[in-house]
Structure formats: C-alpha cells, structure tokens
Amino acid sequence: MIGAVCVFCGSSPGDRPVFADAARALGTTLAHRGIRLVYGGGNVGLMGVVADAALAAGGEVVGVIPEALFAKEVAHGGLTKLHRVQSMHERKTLMYDLSDGFIALPGGIGTLEEIFEILTWGQLGLHQKPCGFLNVEGYFDPLLAFMDEMVSRRFVKEKHRALVMTSPDVDGLLERFERFHPPRLDKWIEPGET
Ligand code: AMP
C-alpha cells in the first residue's frame, strides 16, 4: 500500500512545456489517489509545479528543505507541512523515511543524484520501496540505455537493473508500483556466483 510518494525533479522547468504538463499530471494524480507527495520543498521549476498541482487537487504535500535553501527564499509557502533540516544529507534521509516509493521526473544533476542514492540503497537490500522514472517523451532514454550498457559490461546485475521501473505516463508507473514485489537482494556476491 503506497501512502506517500517522494518525487525528485528539476529545479528548472526544462526546455518544453511537456515537462511541466507531466509534473502537473503527477501532482494531480497523486492527490486524486490519496497519495501524499513528499518532495524537496522548493517553489521553483518542476518542483513548484508538482506541488501546486497536488495542492490544487486537494492533496497533502510535505516538503523537506535545508535551512540554506530556505534562506534563499525558494521554499514553497503553502505546503501541508514543511520540514526545515540542517543539511542535504538530513533532507534525503527524512524524505526516504517519509516515503513508500520514489519517482524521478525529468531533472538535472540533483534529480539523478537523489534517485540513484535510493536505488543504491535498494540494491543493497536496505529497503524494498519501488523506484521509477517518469520517462516523459523519452527524456531518460539515453540514461536507460546506459544502464543496459552497465549490465552488458557486468558492472550492474540484471536483478538490480530490474529495480528501475519506467513508464511514459503517471498511471502506468503507479500501477507498476502497486504490483511491485521486491526481490530478495544482496549486492554482495554469493559464494560460487560470478
Ligand atoms: P536539479 O535536478 O539539479 O535541478 O536538482 C533538483 C533536486 O535537487 C530536487 O529534487 C531538490 O531536492 C534539489 N534542489 C535543487 N535546487 C533546489 C531549490 N532551489 N530548492 C529546493 N530544492 C532544490
């Protein structure tokens, strides 16, 4: 049962309106499904769009923002709850604790860093929470192709690659989340395994 989803996304809007449309659709759908949105607490780029859409649709939105970013006045003023924390590390830990699943919308370095940290914890077997990319108009295609390359070059195992869910649309991704049965994972090589 998914009660809260953490969304990582660009602090920029990207170069085309289709990205903001997807962020809006995600925020609205989460609210309609009664799923709380957890996110970085900003009011900029796709972050502001997803939060505004969830709030406008009657959803609960929880932000987690470090004091340094709050001081720059990029925090959203109208959230259900805004946690102010001391560091980026504390932020990510709290976002992780508050969430039952994680979605990356298109974004930049921060977005990738956040979702890959969660995937790293997943492949170590530290959690069994679903993680996915909302692949808006194929934005993540080169990254997903590189992940396949990592598998074929034997830096990533198939079972770990399989943790990365993708869908071009919000409903498809959330349905995959609901059906997700976490494999028993252990990053470390078993005796006899190559
Ligand atoms: P990026 O993809 O590089 O734009 O970084 C976006 C991610 O980094 C978000 O998911 C946030 O957690 C964090 N972030 C970056 N810029 C901001 C900001 N101005 N306000 C709040 N969070 C931010």
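**Exercise 1. Build up the sheet.**
Which sense of pairing joins strand E1 (residues 4-8) and strand E2 (residues 36-39), and over how many bridges? Then place the two strands in the whole sheet of this predicted model.

*Solution.*
Step 1. E1 and E2 pair in the parallel sense, over three bridges. Take one bridge: Val5 has Leu37 as its partner in E2.
Step 2. Turn to E5. E1 and E5 also pair in the parallel sense, over four bridges. Val5 appears again here, with Gly101 as its bridge partner in E5.
Step 3. Go on to E6. E5 and E6 run parallel and are joined by three bridges. Ala104 stands opposite Phe133 in E6.
Step 4. Now write the full order. The sheet is open and has seven strands, E4-E3-E2-E1-E5-E6-E7, with parallel pairing.
Step 5. Look at the edges. Strand E4 (81-85) and strand E7 (164-167) each have a single partner strand, so one side of each is left without a neighbour in the sheet.
Step 6. Add the twist. On average, neighbouring strands are turned by 25 degrees against each other, direction ignored.

**Exercise 2. Sort the side chains of E5.**
Which residues of E5 point one way, and which the other way?

*Solution.*
Step 1. Gly101 and Ile103 point one way.
Step 2. Phe102 and Ala104 point the other way.
Step 3. Check burial. All four residues are buried.

**Exercise 3. Describe the contact of H1 with H2.**
At roughly what angle do the axes of helix H1 (residues 17-32) and helix H2 (residues 45-56) cross? Which residues meet there?

*Solution.*
Step 1. The axes come within 7 Å and cross at roughly 35 degrees. The crossing is right-handed.
Step 2. H1 brings Phe19, Ala20, Ala23, Arg24, Leu26, Gly27, Thr28 and Ala31. H2 brings Leu46, Val49, Val50, Ala53 and Ala54.
Step 3. Sort the residues of this contact by type: ten are nonpolar, two polar and one charged.

**Exercise 4. Place H8 on the sheet.**
Which strands does helix H8 (residues 170-179) lie across? Which of its residues are buried?

*Solution.*
Step 1. H8 lies across E5, strand E6 (131-134) and E7. Its direction is at about 150 degrees to E7.
Step 2. The buried residues in H8 are Val170, Gly172, Leu173, Leu174 and Phe177.
Step 3. Find their neighbours. These buried residues pack against H1, E5, E6 and E7.
Step 4. Inspect the start of H8. There, a side-chain oxygen of Asp169 comes within 3.5 Å of the backbone nitrogen of Asp171.

**Exercise 5. Judge two residues.**
Is Ser99 buried or exposed? Is Val151 buried or exposed?

*Solution.*
Step 1. Locate Ser99. It sits in the loop between helix H4 (88-98) and strand E5 (101-104).
Step 2. Apply the cut-off: buried means under 20% relative accessible area. Ser99 has 0% relative accessibility, so Ser99 counts as buried.
Step 3. List its contacts. Leaving out residues up to four places away in sequence, Ser99 touches Ala4, Val5, Cys6, Val38 and Lys129. A polar atom of the Ser99 side chain also lies 2.7 Å from the backbone oxygen of Met95.
Step 4. Locate Val151. It belongs to helix H6 (residues 141-152).
Step 5. Use the cut-off again. Val151 has 15% relative accessibility, so Val151 counts as buried too.
Step 6. List its contacts, again leaving out residues up to four places away in sequence: Val156, Lys157, Glu158 and Arg161. Val151 and Arg161 are ten residues apart in sequence, and their C-alpha atoms are 7.3 Å apart in space.

Technical notes
Residues are numbered from 1 along each chain as its sequence is written. This is a predicted model: local features need pLDDT of at least 70, side-chain atom pairs count only at pLDDT 80 or more; totals for chains, interfaces and linings use all residues. Side-chain values use heavy atoms; hydrogens and water are left out. Axes are lines fitted to C-alpha atoms, for helices over the stretch in contact, and angles run from 0 to 180 degrees between N-to-C directions. Helices (H or I, at least four residues) and strands (E, at least two) are DSSP runs, numbered from the N terminus. A crossing is left-handed if the near helix is turned anticlockwise from the far one by less than a right angle, and right-handed if clockwise. Contact means heavy atoms within 4.5 Å. Ala, Val, Leu, Ile, Met, Phe, Trp, Tyr, Cys and Pro count as nonpolar, Asp, Glu, Lys and Arg as charged, and the others, Gly among them, as polar. Buried means under 20% relative accessible area, exposed over 50%, partly exposed in between (1.4 Å probe, protein chains only). A polar contact is a pair of N or O atoms within 3.5 Å; within protein, one must be able to donate a hydrogen and the other to accept it, and residues adjacent in sequence count only if both atoms are side-chain atoms. Two strands pair if DSSP finds at least two bridges between them.
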